[in-house]
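Here are my notes on the model you sent round. Please read them with the structure open.

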There are 2 protein chains.
Amino acid sequence: MSLVRVHNFSISLDGYGTGEGQSLESPFGHAGDRLHRWFFQTRTFRRMHGQEGGDTGVDDAMAAAWGHGIGAEIMGRNKFGPQRGPWENHEWTGWWGPNPPFHTPVFVLTHHPRPTVEMAGGTTFHFLDAGPEEALRRAREAAGGLDVRIGGGPSTVRAFLAADLIDHLHVVVVPIVLGRGVRLWEGLEGVEDRFRTESVTSPSGVTHVTFTRA
Amino acid sequence: MSLVRVHNFSISLDGYGTGEGQSLESPFGHAGDRLHRWFFQTRTFRRMHGQEGGDTGVDDAMAAAWGHGIGAEIMGRNKFGPQRGPWENHEWTGWWGPNPPFHTPVFVLTHHPRPTVEMAGGTTFHFLDAGPEEALRRAREAAGGLDVRIGGGPSTVRAFLAADLIDHLHVVVVPIVLGRGVRLWEGLEGVEDRFRTESVTSPSGVTHVTFTRA
């Protein structure tokens with residue numbers, strides 16, 4: 001059976017998965033790059049974006065797990081871009097340029113219809129007005145027996161956790177206090193009961209916490 | 001100069017320092033013992049309570065730092081006991097029995113006056129209606145040049161952090177989602193800017209995060 005996985009999901013000590021005020025200039029709002037510095041330094045991240053170099057320690061090992069055996073991704077609309085409401089700008093095809101790092105079908109959850117967009121490198125964006133169960137059914141069909149990744153943002157991960165659809169959750173606790181934004185854990189009291197957890201700290205100062213379905 | 005220190009302050013992944021519904025039977029409300037299991041297993045905790053045994057690894061080393069060079073503690077009233085409003089039960093002298101583990105003057109912050117209580121073993125509870133600065137002034141006088149510990153609960157630690165009076169903060173992130181209770185970080189956006197932070201995970205699954213004034 002294919003698994004449903006979340007990877008490299010950074011949160012602050014006060015539980016925010018993104019800051020306040022997402023915009024074209026600030027995809028994570030007032031958080032800026034502070035939640036993801038650990039990630040930007042990894043070889044995995046640099047390769048995804050066509051760059052050389054990068055660290056190859058524990059942060060990189062955790063980051064690299066992101067790509068193994070994934071056949072499709074589901075993401076929330078706010079991860080795809082800063083537009084809200086009906087799609088007025090069809091030129092927008094995500095933050096990731098002409099060759100996004102997914103290389104699989106990607107299902108973007110939105111109440112507003114939009115035609116499928118085929119990108120270079122095997123990434124295809126499908127736009128889907130569906131709840132978690134239905135979205136997962138569609139993604140599994142497209143994944144050809146491989147795993148499905150839930151790509152975020154926080155509201156999307158939270159909805160799949162609430163529906164008990166996640167098998168593997170990797171959160172990265174960054175020792176900062178964001179104070180405002182979108183919280184990951186809202187409404188998920190006791191969610192750890194369904195998982196075995198492990199934690200490991202890296203020299204970058206973050207803590208990788210993995211939740212594996214018990 | 002003596003330092004102002006917080007030790008062994010456990011929080012959940014969603015930032016709660018205590019659960020909802022504190023009572024005589026449940027000092028941490030619905031959190032039960034889940035925030036402090038790592039601590040109960042240490043030799044330091046067992047010694048504080050006159051018991052033998054206990055683990056002596058990294059959790060214990062972090063826990064033991066609690067007692068080194070402390071001359072006075074300041075605690076919030078909710079740490080002292082479950083009563084609210086005027087002191088109707090003067091029999092109540094804390095959760096800790098006739099010989100509390102503090103062995104120093106302890107200043108309990110409360111708007112309601114109550115005579116000083118002398119306990120066995122050098123612990124004296126003073127009851128003080130004062131803000132953080134004034135309470136710290138009194139505690140420093142009593143500490144004889146040693147450090148002052150801020151003992152909690154979350155509202156008290158938060159007030160001292162907000163007033164920028166903390167030099168050393170040790171929080172312990174426990175991989176559970178409490179969902180409700182009292183949050184430590186409320187109103188403390190960016191507090192990490194005033195500190196250097198370090199993180200280390202222990203085999204019990206918790207992460208010790210220390211904040212040292214920069």
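The points below cover the basis of the model, the pairing of the chains and one helix.

1. This is a predicted model, in which local features need pLDDT of at least 70 and side-chain atom pairs count only at pLDDT 80 or more, while totals for chains, interfaces and linings use all residues. Residues are numbered from 1 along each chain as its sequence is written, and chains are lettered from A and ligands numbered from 1 in the order in which they are written.

2. Chain B touches chain A through 23 residues on each chain, where contact means C-beta atoms, placed from the backbone, within 7 Å. On the chain B side, strands S10 (195–201) and S11 (207–213) each supply at least two residues; S10(B) gives the most, with 4. Helices (H or I, at least four residues) and strands (E, at least two) are DSSP runs, numbered from the N terminus.

3. A turn of 180° with a shift of 0.0 Å along the axis lays chain B on chain A at an RMSD of 0.0 Å, by least squares on C-alpha atoms of residues with pLDDT of at least 70 in both. The copies are therefore related as by a two-fold rotation axis. Of the contact residues of chain B, 100% recur in chain A.

4. Which residues of H5(A) are buried? They are Pro132(A), Ala135(A), Leu136(A), Ala139(A) and Ala143(A); buried means 20 or more other C-beta atoms within 10 Å of the residue's own, exposed 12 or fewer, with C-beta atoms placed from the backbone. These buried residues fall within an arc of 95° seen down the helix axis, so they line one face. Glu133(A), Glu134(A), Arg137(A) and Glu141(A), on the other side, are exposed.

5. Just after H5(A), Gly144(A) has a positive phi of about 55°.

Note on methods
Two residues are in contact if their C-beta atoms, placed from the backbone, lie within 7 Å. The arc is that of the directions from the helix axis to the C-beta atoms.
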